Amino acid sequence: MKNNIIILGGGQAGIYAAREIRQNDSKSNIKILGEENLLPYERPPLSKDFLLDKKKEEDLYFHSIDVLKNENIEFENISINKVDFENKKLFAKNDNVYSYDSLLISTGSENKKLTLDNNLKNDIYYLRNLEEAKKIKEIISNKNKITIIGGGFIGLEIASSLSQLQKKVIVIEIGNQLMGRIIPKQIADLVQNTHIEHGNEIILNKQIEKITKKNGIYEILLNDNSLIETDFIIAGIGSTPTVKLFENTNLKLDNGIVTNQFCETSIKDVYAAGDVSNFYHPFYERNMRLESYQHAQNHGICAGKNIAGVKTEYTSIPWMWSDQFNLNLQLTGMCDEYDEIIERGNDINNGVIYFFLKNNKIRGACGVGIIGKVGRDIRITSKLTEKDTIVDKQILSDQNLKLNKLIQK
Amino acid sequence: MSEENWIEVGSTDSIEEEDLIRFDHQDKTFCVYKLTDGFYATDGICTHEAVHLEDGLVMDDEIECPMHQGIFNIKSGEALSPPACEDLKTYPVKVDNDKIFIKID
Ligand SMILES: Cc1cc2nc3c(=O)[nH]c(=O)nc-3n(C[C@H](O)[C@H](O)[C@H](O)COP(=O)(O)OP(=O)(O)OC[C@H]3O[C@@H](n4cnc5c(N)ncnc54)[C@H](O)[C@@H]3O)c2cc1C
Ligand code: FES
């Protein structure tokens, strides 16, 4: 049967879903509606290789327009500002109306904004999309001392890139460690040391009281009364799912769009995937919302299958990375539910990993090392987690013993 | 095929099964693999970013990059999973008297 399938949000989850639907359904109309006037592109390089000029705009696209044309996937640059789930319609600002039989919502997430009580709102920059990355790149070319508010992944990646561009960088973090929400303190401290070794200043446990601007220079007053002078401010203080559009509808929301393990929302024929969805994970037996590259891809693919009628459970073990300086940090599974922690290695040059176990099985792990040093072990860990294997802790804790042994059994 | 392009990598027992070794020759790096049905060789650096694949995971006929989990088919070099999208170059391998040789063009 021929259907009208609409994908709202032209990012990573959206494009993977579209192509997966086409793989399973050659007849239906597939249309992606995206408010950025760009084909779907990768965001991870925005804070890293794009700022460093190692990657250009054309390197970021997932697929060329030819791939979409070949697969008969339509992409329209439009911003949707109203939905009517009852009549299965979407409305755009320019009065265009789009009818669907099945809808995938993949609107991603948006940056939290600082609450400032003066006119400086437009002076603070945030990084989520290519346009913002271009603006930041342009402005920093003649700025020297740059302050990053927020010591999370994106803030620290920007701090690493700016340091490599010979800028003086200050990071202000409200918590008592970097990447506090999800990374164990031991790993955060190793990353912090690397930033300091490269000349970045890291200020922890401090809140911003006030920001003022004098003669083009910003003054940031902290809650201990210290004052920081800076030429430019970028904030990376977390993100929220992009759900404003659905707030007065029947769609069930709770830290994103609530979905089951089949990417189905509370409304029939409406699915959600990627950063915007708070999905049920059957392995962890709870709902979670993830903001990661691997998840956006795999969740998009899973939604695509389900929309095309191939009922498929989403069971992917979470995985994400962050690249800062010559370090690669990786996180797999969930590190917040454990009765035992096992450490593997203690030298960042060979990689350091913390495993989080419950009932002798791995639930998650987090590692950091010089590029290339933790990836294989983290990957094996994901597989061991997925298989719910009871692990030999001796092998886990001894870096001289290969983890491959655990998986081949 | 001229003889002189075959470069000796090492002995066949220098690689465990389902594993790889890194081989540097002049200014290039290669990975040489032992799979269940024989030896294979590819470029040693990921096509996504400049990372050595020697630290990657070999599973079945695939090598997975340790940095962002890009996956390549070892036998064909085909990029199978993003963020890797450019194929990996492969090289012919032969075994002679328990020694592995790869043909570099
Ligand atoms: C700077 C940066 C660096 C990152 N680095 C890493 C990393 O190193 N490793 C990692 O694992 N992950 C990283 N991520 C996270 C990863 O990129 C995201 O998790 C992923 O992009 C999410 O995909 P998505 O499809 O859910 O949303 P997105 O890719 O954000 O796409 C959503 C799209 O929907 C559009 N949209 C929203 N509302 C509407 C509307 N009403 N009408 C039309 N269009 C709409 C948006 O404009 C956007 O284009 C990074 C993210 C950022 C921003
Ligand atoms: S460097 Fe290999 S996948 Fe990115």
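The questions below concern the surroundings of ligand 1 in a predicted model.

Local features here need pLDDT of at least 70, side-chain atom pairs count only at pLDDT 80 or more, and totals for chains, interfaces and linings use all residues. Residues are numbered from 1 along each chain as its sequence is written, chains are lettered from A and ligands numbered from 1 in the order in which they are written, and side-chain values use heavy atoms, with hydrogens and water left out.

Q: Why does ligand 1 lie between two domains of chain A?
A: The domain bounds come from an automatic or database domain assignment. Ligand 1 lies between the two because its shell takes residues from both domain 1 (4–110 + 240–307) and domain 2 (113–237) of chain A.

Q: How many residues around ligand 1 are charged?
A: A residue belongs to these surroundings if one of its heavy atoms lies within 4 Å of the ligand. Asp, Glu, Lys and Arg count as charged, Ala, Val, Leu, Ile, Met, Phe, Trp, Tyr, Cys and Pro as nonpolar, and the others, Gly among them, as polar. The shell holds 12 nonpolar and 13 polar residues, and the charged ones number 8.

Q: Which residue has a polar side-chain atom 2.9 Å from an oxygen atom of ligand 1?
A: A polar contact is a pair of N or O atoms within 3.5 Å. A:Gln12 places a backbone N or O atom 3.1 Å from an oxygen atom of ligand 1, and A:Tyr293 likewise offers a backbone N or O atom at 3.1 Å. The side-chain atom at 2.9 Å belongs to A:Arg43.

Conventions
Polar contact = N/O pair within 3.5 Å; in protein donor to acceptor, adjacent residues only side chain to side chain.
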